[in-house]
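Visitor: I am new to reading protein models, and I would like to go through this one slowly, with the reasoning spelled out at each step.

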Amino acid sequence: MKDKPHLRFWQIWNMSFGFLGIQYGFGLQQANMSPIFRYLNAEESAIPILWLAGPVTGLLVQPIIGAMSDRTWSKRWGRRKPYFLVGALITSFALIMMPNSSALWMAASLMWLLDAGLNITMEPFRAFIGDKLNNQQRNLGFAVQSFFVGFGQTLANLMPFILPIFGIAVAATGANLIPDFVKYSFYIGGVAILASVIWTMYTTTEYPPENMEEFERMKKEKQGVFHAFAEVFDAFRHMPTTMKQLWWVKFFTWYGLPLMWQYLSLAIARHAFDAPDAKINPEGFAKGLEWSNLCFALFNVGCFGISFLLPPIANRLGRRSTHAVFLTIGGLGFLSMLFSHDKYIFLIGMTLVGLAWGSIMSMPYVMLSTSVPKERMGVYMGLFNGFIVVPQIINNMTIGFLYETVLNSDPRNALALCGVCLILAAGACFLVKETNQAEEAAFPLGAGGH
């Protein structure tokens, strides 16, 4: 299958549909985990280290799962689908248990399990685009995934406003003070990720390896986790130039972005609802959490609203310039939050950030996917995830030291730092030199390839 067939829109839609459940889970995590930690008596300065699970599991899991899925083939299950299902089962369990946490250690442990499941499921969906779509359709494929990123997370964030329609109370009724709308949102997420992933598995077939004889030889020679590590190391040594040039773009982007998930809810509660703590002002803190979910909803509306406009904009401006423009818009959105205590300024700012998020979730992957050979798409998508998780790990390890000094113990200042980081990432875009090389000629294959 040298020339992959041109797929219909609904085929691309179905193959990406599992992303809906994955991103519903991410939406729940991003909007609710910092408040859950605070409900369980975590200090604000300790919030970043509690988020360490995400980047660490991503760094360990995604490249290995990518390499293993590159070496997997079953006539019944395909290449990526087995990993979809295993990750979805783990994620579903963690989502259902999380809001019932009775202590901080339990929530932190479930955070590790949740992120492991999400990462096991996420990476194969990224590689799926490279597997199934020809070069001309990849812009559309990643745009559809960006749409599901926005829609799935928006649905999760609107749950505080949807569930009361069905009689689910916003106030907490359990011993851990976590509101019921959070609990039921997580339960729905546990079902949603399984249902959406199974839909993709049912409606989408995978292409077999192009050279089955060569694939079987490789499969016998290179099985297991140790060979997967060797494959990742070899891929790292032969990293394409475009991927190397994207490092600083990703570094500034992903050093800053965790601050949004860590501190947006806390900034809104403190500055818009006069609730710096769940115990001092429990009603205001719950309203801050509810408003934060609405802000994340508009953030995701901005994301999926721009997702289908990105391909024509990129065709006109170029992928590099398009990404720089939208990163700048996002940076200004964060900085705008410094100038008012009005809750609506957070809504406006987060809508602008959502436009940047649509580009963050698509443009770098398009630039990458056209510079790596298709037979190693899984391992390179997983390795590229390191460009996301390493900056996050640095963030998680350093912000605790900066929070009381540089950031003056104010979560809103953390959001301003995120804005500065996105503007720096926009400048770094112009270090990237895009090429139109064929995938096979992107760089020579070493021992870890065929």
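What follows is a conversation about this predicted model, going from the whole chain to single residues.

Visitor: How many helices and how many strands are there in the chain?
Guide: Since this is a predicted model, we describe what the prediction shows, beginning with its secondary structure. Counting along the chain gives 22 helices and 0 strands.

Visitor: What percentage of the residues of the chain count as buried?
Guide: A residue is called buried when its relative accessible area is under 20%. The chain has 450 residues, and the share of them that count as buried is 61%.

Visitor: What share of the area that the chain exposes do carbon and sulfur atoms supply?
Guide: The chain exposes about 17100 Å². Of that area, the part supplied by carbon and sulfur atoms is 67%.

Visitor: Which helix has the highest mean pLDDT among the elements of the chain?
Guide: For the chain as a whole the mean pLDDT is 83, and 85% of the residues reach 70 or more. Confidence stays under 50 over residues 437–450, although the model has 42 contacts beyond four places in sequence for that stretch. Among the elements, the lowest mean, 59, belongs to helix H10 (residues 212–221), while the highest, 97, belongs to helix H22.

Visitor: Which word describes how H14 and H15 are oriented to each other?
Guide: Two packed helices are described by the angle between their axes and the distance between the axes. Helix H14 (residues 258–273) and helix H15 (residues 282–307) have axes 8 Å apart and pack at an angle of about 125°, and H14 passes H15 in a right-handed crossing. The residues that meet include Trp261 and Phe273 in H14, and Trp291 and Phe299 in H15. Angles outside the ranges for roughly parallel, roughly antiparallel and roughly perpendicular count as oblique, and therefore H14 and H15 are oblique.

Visitor: How is H6 oriented with respect to H7?
Guide: The axes of H6 and helix H7 (residues 138–157) come within 9 Å and cross at roughly 155°. Because angles over 145 degrees count as roughly antiparallel, H6 is, with respect to H7, roughly antiparallel.

Visitor: Which residues of H7 make the contact with H6?
Guide: The crossing of these two helices, H6 and H7, is right-handed. On the side of H6 the contact is made by Phe125, Arg126, Ile129 and Gly130, and on the side of H7 by Arg138, Gly141, Phe142 and Gln145.

Visitor: How are H5 and H9 oriented to each other?
Guide: Helix H5 (residues 81–97) and helix H9 (residues 180–203) have axes that come within 7 Å and cross at roughly 170°. The contact is made by residues including Phe84 and Leu85 of H5, and Tyr187 and Gly189 of H9. Angles over 145 degrees count as roughly antiparallel, so the relation of H5 to H9 is roughly antiparallel.

Visitor: Is aspartate 115 buried or exposed?
Guide: Aspartate 115 lies in helix H6 (residues 104–132). Leaving out residues up to four places away in sequence, aspartate 115 touches Phe26, Gln29, Ala53, Gly54 and Thr57. Because its relative accessibility is 3% and the limit is under 20%, aspartate 115 counts as buried.

Visitor: What distance separates the C-alpha atoms of alanine 53 and alanine 108?
Guide: Alanine 53 is found in helix H4 (residues 53–70), and with a relative accessible area of 0% it is buried. Beyond its neighbours within four places in sequence, alanine 53 is in contact with Met111, Trp112 and Asp115. Alanine 53 and alanine 108 are 55 residues apart along the chain, yet their C-alpha atoms are separated by 8.1 Å.

Visitor: What is the phi of asparagine 41?
Guide: Most residues other than glycine have a negative phi. Asparagine 41 lies in the loop between helix H2 (18–39) and helix H3 (47–50), and at 49% relative accessibility it counts as partly exposed. Its phi is a positive value in a residue other than glycine, near 75°.

Visitor: What is the phi of serine 409?
Guide: Serine 409 is found in the loop between helix H21 (386–402) and H22. With a relative accessible area of 28%, serine 409 is partly exposed. Although serine 409 is not a glycine, its phi is positive, at about 55°.

Conventions: Residues are numbered from 1 along each chain as its sequence is written. This is a predicted model: local features need pLDDT of at least 70, side-chain atom pairs count only at pLDDT 80 or more; totals for chains, interfaces and linings use all residues. Side-chain values use heavy atoms; hydrogens and water are left out. Helices (H or I, at least four residues) and strands (E, at least two) are DSSP runs, numbered from the N terminus. Buried means under 20% relative accessible area, exposed over 50%, partly exposed in between (1.4 Å probe, protein chains only). Contact means heavy atoms within 4.5 Å. Accessible areas come from the Shrake-Rupley method with a 1.4 Å probe; for residues, only the protein chains shown count as cover. pLDDT is the predictor's confidence in each residue, from 0 to 100. Axes are lines fitted to C-alpha atoms, for helices over the stretch in contact, and angles run from 0 to 180 degrees between N-to-C directions. Angles under 35 degrees count as roughly parallel, over 145 as roughly antiparallel, 65 to 115 as roughly perpendicular and the rest as oblique. A crossing is left-handed if the near helix is turned anticlockwise from the far one by less than a right angle, and right-handed if clockwise.
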